[in-house]
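Me: Hi! Could you walk me through this structure?

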Amino acid sequence: MRRRRLLIFRRPWLLFSLIKVGALGIYGILLHASRIAMADPTQARYKTLFFAGVGYSLVAIVGSVLILRFKGIQWRFPIKGMVLATLAGVASATTALGILLAFEAQGTPAVVMTILFTGAQLINAVLSLAIDTPQAGGLRWQFLVGFQLVILGICMVAIYRPIM
Amino acid sequence: MTWLVFTLIATTASGIFGVLTHAGQKAMRDSANAQYKALLFAGIGYSLVAVVGSGVMLAVNGAQWSFPMKGLSLGILAGIAVVGVIFCNLLAFAAQGSPVVVISIGAAGAPVLNAAIAITLYPPAPGSLRWEFIFGIAAAAIGGYMVTVYRPGT
């Protein structure tokens, strides 16, 4: 235990990675719990999304502005960078809305979030390959096996999902 | 299976998010601060949809502007959790963590942790938790890790 603790403190990136896993692991559950706690069968999804947006904005906008001001940067942003990053935020909010709609349609956090986390890696890899196509023979067998494992896993999670 | 359609929409948006964030960061042309600049505008984009969009929908639907404290707090925490993921990525990269390793730890760890917490908090009906479901989570997590680690160009 003592040795493990030391390992994490010697490698701060590992500590941050594990905090990230924790945050990702509870994200869907927090959305689900908030939606239930809103106790509003028709508007709960918008109410939850509204406050998730408030939380996100507090950290992303206020946090970034503070860091950028602290670093004393020039407030100039290339248009392309601004548009792409804003679209990234739109995609992230669309993810949250999709999750909330899936929960409303009787999807459960264990099933919906497993498909989301692993499927997103797959889509991210496919899009990256489409943008930056590798040379012939550039695909490693481990990548292809991983690809098939994700699809197999998603199908099994969806088919054999437990009854709540 | 409506839930699956929404899940796949969310999955696609989440996959696109990673690519757009990376592209936005590169387009900022500022090696030292690009990540914070990208995060700032991602926050603006998220707010546009989540805060303004939801606010408009609630107003159009004539919803009552009363929010239970528990729902409100959990919603805010969910937003903080998702942006916390991005911040932890940035901090891990800054602390010399390899992007491939940092992202693959998330790809493999998050589904397993999420499933464990979800099943504990919302236990399924007795006897309905089948080994195929557990196997599916493990396969998807291992597959997600392999796709991230062995992606061409890594």
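Here is a short chat about the contact between the chains, a pair of helices and one residue.

Reply: Happy to! Keep in mind that this is a predicted model.

Me: How many residues does each chain put into the contact?

Reply: Chain A brings 112 residues and chain B brings 108.

Me: And which element of chain B gives the most to that side?

Reply: That is H1(B), with 21 residues. Helices H2, H3, H4 and H5 of chain B also give two or more residues each.

Me: What classes of residue are on chain B's side?

Reply: The side of chain B that touches chain A has 70 nonpolar, 32 polar and six charged residues.

Me: New topic: how do H2(A) and H3(B) cross?

Reply: Their axes come within 8 Å and cross at roughly 160 degrees. An angle over 145 degrees counts as roughly antiparallel, so that is how H2(A) and H3(B) run relative to each other. The crossing is left-handed, and the contact between these two helices has 20 nonpolar, six polar and two charged residues.

Me: What span should H3(B) have?

Reply: H3(B) has 26 residues, so at 1.5 Å a residue it should span 38 Å. The C-alpha atoms at its ends are 36 Å apart, which agrees. Just after H3(B), B:Gln96 takes a positive phi of about 70 degrees.

Me: Last one: is B:Trp3 buried or exposed?

Reply: B:Trp3, which is found in H1(B), counts as buried because it has 20 C-beta neighbours inside 10 Å. Leaving aside neighbours within four places in sequence, B:Trp3 is in contact with residues including A:Ala102, A:Gln106 and A:Val112.

Methods. Residues are numbered from 1 along each chain as its sequence is written. Chains are lettered from A and ligands numbered from 1 in the order in which they are written. This is a predicted model: local features need pLDDT of at least 70, side-chain atom pairs count only at pLDDT 80 or more; totals for chains, interfaces and linings use all residues. Helices (H or I, at least four residues) and strands (E, at least two) are DSSP runs, numbered from the N terminus. The expected span of a helix is 1.5 Å times one less than its number of residues. Axes are lines fitted to C-alpha atoms, for helices over the stretch in contact, and angles run from 0 to 180 degrees between N-to-C directions. Angles under 35 degrees count as roughly parallel, over 145 as roughly antiparallel, 65 to 115 as roughly perpendicular and the rest as oblique. A crossing is left-handed if the near helix is turned anticlockwise from the far one by less than a right angle, and right-handed if clockwise. Ala, Val, Leu, Ile, Met, Phe, Trp, Tyr, Cys and Pro count as nonpolar, Asp, Glu, Lys and Arg as charged, and the others, Gly among them, as polar. A residue is buried if 20 or more other C-beta atoms lie within 10 Å of its own, exposed if 12 or fewer, and partly exposed in between; C-beta atoms are placed from the backbone. Two residues are in contact if their C-beta atoms, placed from the backbone, lie within 7 Å.
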